Amino acid sequence: MADWRRLLLLFLTTVLLAACSMVQVGYNQLDRLIAWRLDDYLPLDSTQRAAVQPALTRWVDWHCSSQLPGYAGWLRQVDADLRAGADVARIDAHIDTVLGFARTAASEAAREIGPLVAGAKAEQIAALKRRFERNTREYVKDWVEPAAEDIVRERSTRLRERIENWIGRLTPAQRDIVDRWAREVRSRSDDSLESRRRWQAAMADLLARTDLAPEAFRGELEAMFVAPERHWTPGYAQTFRDNRARAAQALSELSASLTDGQRRHLQREVSSFAHELDGITCRTPTSQQARS
């Protein structure tokens, strides 16, 4: 996954992938988890760490009170649409929604945390670049070096597993849909690698800057996440659009093919997850945590 998507979706997936009886406990530790992941990319000094933790706590409080309620409602709408047979346009609208969730979360994080990580030291930027390079090596190892048929097989396996988590065992016809989806995913490794490196370089350069006013820095950091296409090659941008369209088409086909048992399975899974999200109790911000 490209680094901009790794970081952009960190906030959302930490919540949405925690569908278990520990959701409440996990969500209440979200600020600490994000701080740990941030430190994995940009090692913080003691002063930065002391300032970042309260900012992340404010972000989690904001997210819990203003964003989380919408996730449960959205999940229930996705469930209803898929069980009814969602067309491509409806699936595409849901893709827009989930990307919007992530971008809103990242924008608010940039507002809270951005000024605290501006003007990073040379050793911090060096560590960030090493982390980016590690990500790139992992990407090349998993999605560039293997033979094309092995990549398709691995992609198909992952897609099947994720889909079956929600709807149960796929029928032979549905497995054909997923396999065709996996085969038709476009992959332009040269464009992908160049786009990754452009974004990584731009992020490192931005974090090292000391000449921007706080508001200007926040705006630039936010744009890194909500408009990453500024750093894409034309070829990668087209590939991204093509793969998104293919995903919407495949999910629409799967929606239309659901059996009665799969519809019941999907409803149970979504209902359970949404109920867990509904049950999360937001913390009451202290006077020190509350925004000025």
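**View 1. Helices α5 and α6 are oblique to each other in this predicted model.** The reason is the crossing angle: angles that are neither under 35 degrees, nor over 145, nor between 65 and 115 count as oblique, and the axes of α5 and α6 cross at roughly 40°. These two axes come within 4 Å. The angle and the distance belong together, as two packed helices are described by the angle between their axes and the distance between the axes. On the α5 side, the residues that meet α6 are His 63, Cys 64, Ser 65 and Ser 66. On the α6 side, they are Leu 68, Pro 69 and Tyr 71. Two of these residues return below: Cys 64 in the disulfide, and Tyr 71 in an aromatic pair.

**View 2. A disulfide joins Cys 64 to Cys 282.** The sulfur atoms are 2.0 Å apart, which meets the cut-off of 2.5 Å. The count of disulfides comes to 1. Which parts of the chain does the pair tie together? Cys 64 lies in helix α5, residues 46-66, and Cys 282 in the segment after α14, residues 260-278. The pair therefore ties together parts that are 218 residues apart in sequence. The angle about the S-S bond is -95°, and the link is left-handed. The two ends differ in burial class: Cys 64 is buried, with a relative accessible area of 5%, whereas Cys 282 is partly exposed at 30%. In general, a disulfide is a covalent bond between the sulfur atoms of two cysteines.

**View 3. Tyr 71 and Phe 101 form a tilted aromatic pair.** A search of the whole structure finds 9 aromatic pairs. In the pair of Tyr 71 and Phe 101, the ring centres are 4.6 Å apart and the planes stand at 55°, so the pair is tilted. Tyr 71 belongs to helix α6, residues 68-84, and Phe 101 to helix α7, residues 88-117. The pair links distant parts of the chain, 30 residues apart. Is Tyr 71 buried or exposed? Tyr 71 is buried, with a relative accessible area of 0%. Phe 101 is also buried, at 14%.

**View 4. Phe 132 and Trp 199 meet edge-to-face.** Their ring centres are 5.9 Å apart. The planes stand at 65°, so the pair is edge-to-face. Phe 132 sits in helix α8 and Trp 199 in helix α11, residues 189-208. These two residues are 67 apart along the chain, and the pair links distant parts. Phe 132 is buried, and so is Trp 199. Both belong to one aromatic cluster, together with Tyr 41 and Phe 225.

**View 5. Two arginines sit over tyrosine rings.** The charged end of Arg 131 sits over the ring of Tyr 41, 4.6 Å from its centre. Tyr 41 is also a member of the aromatic cluster with Phe 132, Trp 199 and Phe 225. Arg 196 lies over the face of Tyr 139. Here the distance from the ring centre is 4.8 Å.

**View 6. Pro 146 occupies the loop between α8 and α9.** Helix α8 spans 122-143 and helix α9 spans 148-167. Pro 146 counts as partly exposed, at 26% relative accessibility. Which residues is Pro 146 in contact with, leaving aside its neighbours within four places in sequence? They are Val 140, Lys 141 and Ile 151.

**View 7. Glu 269 lies in helix α14.** Its relative accessible area is 32%, and Glu 269 is partly exposed. Not counting residues up to four places away in sequence, Glu 269 touches Asn 165 and Trp 166. The C-alpha atoms of Glu 269 and Asp 79 are separated by 9.3 Å. Along the chain, these two residues are 190 apart.

**View 8. Ala 216 is found in helix α12.** This helix covers residues 214-226. Ala 216 counts as partly exposed, at 35% relative accessibility. The C-alpha atoms of Ala 216 and Pro 115 are separated by 9.7 Å, with their positions 101 residues apart along the chain.

**View 9. The whole chain has 14 helices and 0 strands.** Buried residues make up 44% of the 292 residues. Among contacts with a separation of 6 or more, 81% come from residues 24 or more positions apart.

Definitions and conventions: Residues are numbered from 1 along each chain as its sequence is written. This is a predicted model: local features need pLDDT of at least 70, side-chain atom pairs count only at pLDDT 80 or more; totals for chains, interfaces and linings use all residues. Side-chain values use heavy atoms; hydrogens and water are left out. Buried means under 20% relative accessible area, exposed over 50%, partly exposed in between (1.4 Å probe, protein chains only). Contact means heavy atoms within 4.5 Å. Rings of Phe, Tyr and Trp (its six-membered ring) pair if their centres lie within 6.5 Å; planes under 30 degrees apart count as stacked, over 60 as edge-to-face and the rest as tilted. A charge sits over a ring if NZ of Lys or CZ of Arg is within 6 Å of the ring centre and within 35 degrees of the ring normal. Axes are lines fitted to C-alpha atoms, for helices over the stretch in contact, and angles run from 0 to 180 degrees between N-to-C directions.
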